[in-house]
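Biologist: Could you walk me through this model, and tell me how each label was arrived at? I would like to see the reasoning as well as the result.

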Amino acid sequence: MTTSQPGRPDPTSVGGRPAARLLAPVLLRVGLLVALTAAICVAGVLASTRALDHLTSELLPAATANEDVLQDLTDMNAAVGAYARSGDREALDDYEQALRRLPGHAQRVREFARDDADLELLVTRQQEALDAWVTRYADPRVAAPAGPGTFDRQRYQRGQRLFDEVQEAHQATHEEFDRRQREASSDAEWRFRSTIVAVVVLALIGWFLLGRSRRRLDRELSAPLRAIEATVQRLARSESDVRAEVAGPREVRAVAVALNELVEQQYRARAVESRIQSELRALDTARDDFVSNVSHELRTPLTTISGYLELVAEEFEGEMAPRHERMLVATRRNVGRLRALIDDLLMLSKAENRGTDLEQVDLDQVVRDAATDVRIAAARRGIAVTVTAPGRPLPVLGDRAMLNRALLNVLSNAVKFSRDGAPVEVEITEATGQVRVAVRDHGIGIPAGELDRLGTRFFRATNAVRDEIAGTGLGVRIVQTIIDKHSGQVLIDSEEGVGTTVTLSLPLLGDPVPPASPAPESSTTQEPTPQEV
């Protein structure tokens, strides 16, 4: 349900439709122009089609039939002359054939001229002249004797005079047909051109109306929207004290008011966020100071306790009861765990707060040093630590001590969580300007449901807790913090009961040095051989 607030335009009100209010006249005019254009096009096409149809299906066939009448009469006159000169009856075949065709052609001309008084008069005159020539000269001549010696000048002259009258009558009819053909063609052409002109004029009118409407829309709708867009862009650039101008139609004003309210809320939220961030920074500082102070304060008594425990162990060596010896061992073990926890807390605090001192470091050498440091502890459980590397320096920009601590944490965890006698494999590779260090163990692994919690403070996998494997839950967090400060990435792939692979990726410093030929592509180092360390 939508409710309107006092003093604020309601976008859902009837009067609050600027687009409909501004576009309705435009759409109405455009619709009328389109309808009128369509009507003119249809009328023009129909009129042009009708004129062309009259010309092609009525006038042209009648004119052609009228020319056929003259042709028939000419064929008959030629046949009569040939018969009169030769007396051969076979010469009359053309005369008889033309005489049979003549009524049909003449009938077609008379049918076309039936409702046209002027043309009918000309056609009637032509028909009378034609009938006079046939009845008064042609038929009597073919019925009379023919051949040499039958020439009658008076009869011949009468025939020529009657034929001349037929030609004169046909000439008048022919000229009338020509005039009407020209008028029909001109009429069809005029109608077609008038249709085109009308459509062009309507298109120009539509263009003018659309231009006016566009300017109106730009003035009343687009300009306020562009102003709002400019305000949003200024807000995106984090400019302060920016407000949208409330102008234009009701909906646009409503958008401007909503934007201004959003800006106010955003400023208030930023103020709250800034205050919370300040408080969080203060809390982080207090926490770090507390951890640092407590850790420093605890290290001294722990050192004292550890010293006294060593003195007790030496002074009463061989004199304590087995129960007391177990108590002493448990106390020394827990003092060691507490010391490890304090060391990890101090290291994590140092990694999070200390500015990293970067220098060019050979990561290959750092990895080999860390592997050497864990081999003694690994050898007690029969775990072989192998290192496979390209066999050349791999320069990175980093803090040697911190990188050594990160790699030492990863290798120590791999040894700690491995099964006795299982190998720990370290592989160094290069790819697309990155150097990757993959540490793979074949130990207890991490449950799939707990992988997303890796890296949180004091988190330890349930199987590690169940198997009573010592740890503080800060090692992975320390590694992630150190690698993040070196613009690197930590990837952990693990399967419970199978093992874990931790991959550290760091950017190489400059172009990697190509391996010297024909040296092998990689070298594998293992704990038993002294040259590998």
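Modeller: Happy to! Let's start at Thr 432, which sits in the loop between strand 4 (424-431) and strand 5 (434-440). Please keep in mind throughout that this is a predicted model.

Biologist: Why is Thr 432 called exposed?

Modeller: The cut-off for exposed is over 50% relative accessible area. Thr 432 has 77%, so it counts as exposed.

Biologist: What is the phi of Thr 432?

Modeller: Phi of Thr 432 is near 50 degrees, which is a positive value in a residue other than glycine. Most residues other than glycine have a negative phi.

Biologist: Which loop holds Ser 487, and what makes that residue exposed?

Modeller: Ser 487 is in the loop between helix 10 and strand 6 (489-495). Its relative accessible area is 59%, and exposed means over 50%, so Ser 487 is exposed. Phi of Ser 487 is near 60 degrees, again a positive value in a residue other than glycine.

Biologist: Now a strand, please. How do you know whether Thr 500 is buried or exposed?

Modeller: Thr 500 lies in strand 7 (residues 499-507). Buried means under 20% relative accessible area; Thr 500 is at 9%, and therefore counts as buried.

Biologist: Which residues is Thr 500 in contact with, leaving aside its neighbours within four places in sequence?

Modeller: Those contacts are Val 439, Arg 440, Asp 441, Gly 445, Ile 446, Ile 492, Asp 493 and Ser 494.

Biologist: What makes the pairing of Thr 500 and Ser 494 a polar contact?

Modeller: A polar contact needs a pair of N or O atoms within 3.5 Å, with one able to donate a hydrogen and the other to accept it. The side chains of Thr 500 and Ser 494 are joined by such a contact of 2.7 Å.

Biologist: Let's move to the helices. Why are helix 2 and helix 3 called roughly antiparallel?

Modeller: Two packed helices are described by the angle between their axes and the distance between the axes. The axes of helix 2 (residues 92-112) and helix 3 (residues 117-143) come within 11 Å and cross at roughly 165 degrees. Angles over 145 count as roughly antiparallel, so helix 2 is roughly antiparallel to helix 3. The crossing is left-handed.

Biologist: Which residues of helix 2 and helix 3 meet?

Modeller: From helix 2, the residues include Leu 92, Tyr 95, Leu 102 and Phe 112, and from helix 3 they include Leu 119, Val 123, Leu 130 and Val 142.

Biologist: Pro 103 is found in helix 2. Why is Pro 103 called partly exposed?

Modeller: Partly exposed lies between the 20% and 50% cut-offs. At 47%, Pro 103 is partly exposed. The C-alpha atoms of Pro 103 and Asp 72 are separated by 9.7 Å, with their positions 31 residues apart along the chain.

Biologist: Ala 91 is in the loop between helix 1 (18-86) and helix 2. How do you know whether Ala 91 is buried or exposed?

Modeller: Its relative accessible area is 19%. The cut-off for buried is under 20%, so Ala 91 is buried. Leaving aside neighbours within four places in sequence, Ala 91 is in contact with Ala 79, Ala 82 and Tyr 83.

Biologist: What makes helix 7 oblique to helix 8?

Modeller: Helix 7 (residues 363-379) and helix 8 (residues 400-416) pack at an angle of about 40 degrees, with their axes 9 Å apart. Roughly parallel requires under 35 degrees, and roughly perpendicular 65 to 115. The angle fits neither class, so helix 7 is oblique to helix 8. This crossing is right-handed.

Biologist: And how do helix 8 and helix 10 pack?

Modeller: Helix 8 and helix 10 (residues 475-485) pack at about 145 degrees, with axes 9 Å apart. Among the residues making the contact are Met 402, Leu 403 and Val 410 of helix 8, and Val 476, Ile 478 and Ile 482 of helix 10. Their crossing is left-handed.

Biologist: To finish, what does the secondary structure of the protein chain come to?

Modeller: It comes to 10 helices and 8 strands. Buried residues make up 35% of the 533 residues.

Key:
Residues are numbered from 1 along each chain as its sequence is written. This is a predicted model: local features need pLDDT of at least 70, side-chain atom pairs count only at pLDDT 80 or more; totals for chains, interfaces and linings use all residues. Side-chain values use heavy atoms; hydrogens and water are left out. Helices (H or I, at least four residues) and strands (E, at least two) are DSSP runs, numbered from the N terminus. Buried means under 20% relative accessible area, exposed over 50%, partly exposed in between (1.4 Å probe, protein chains only). Contact means heavy atoms within 4.5 Å. Axes are lines fitted to C-alpha atoms, for helices over the stretch in contact, and angles run from 0 to 180 degrees between N-to-C directions. A crossing is left-handed if the near helix is turned anticlockwise from the far one by less than a right angle, and right-handed if clockwise.
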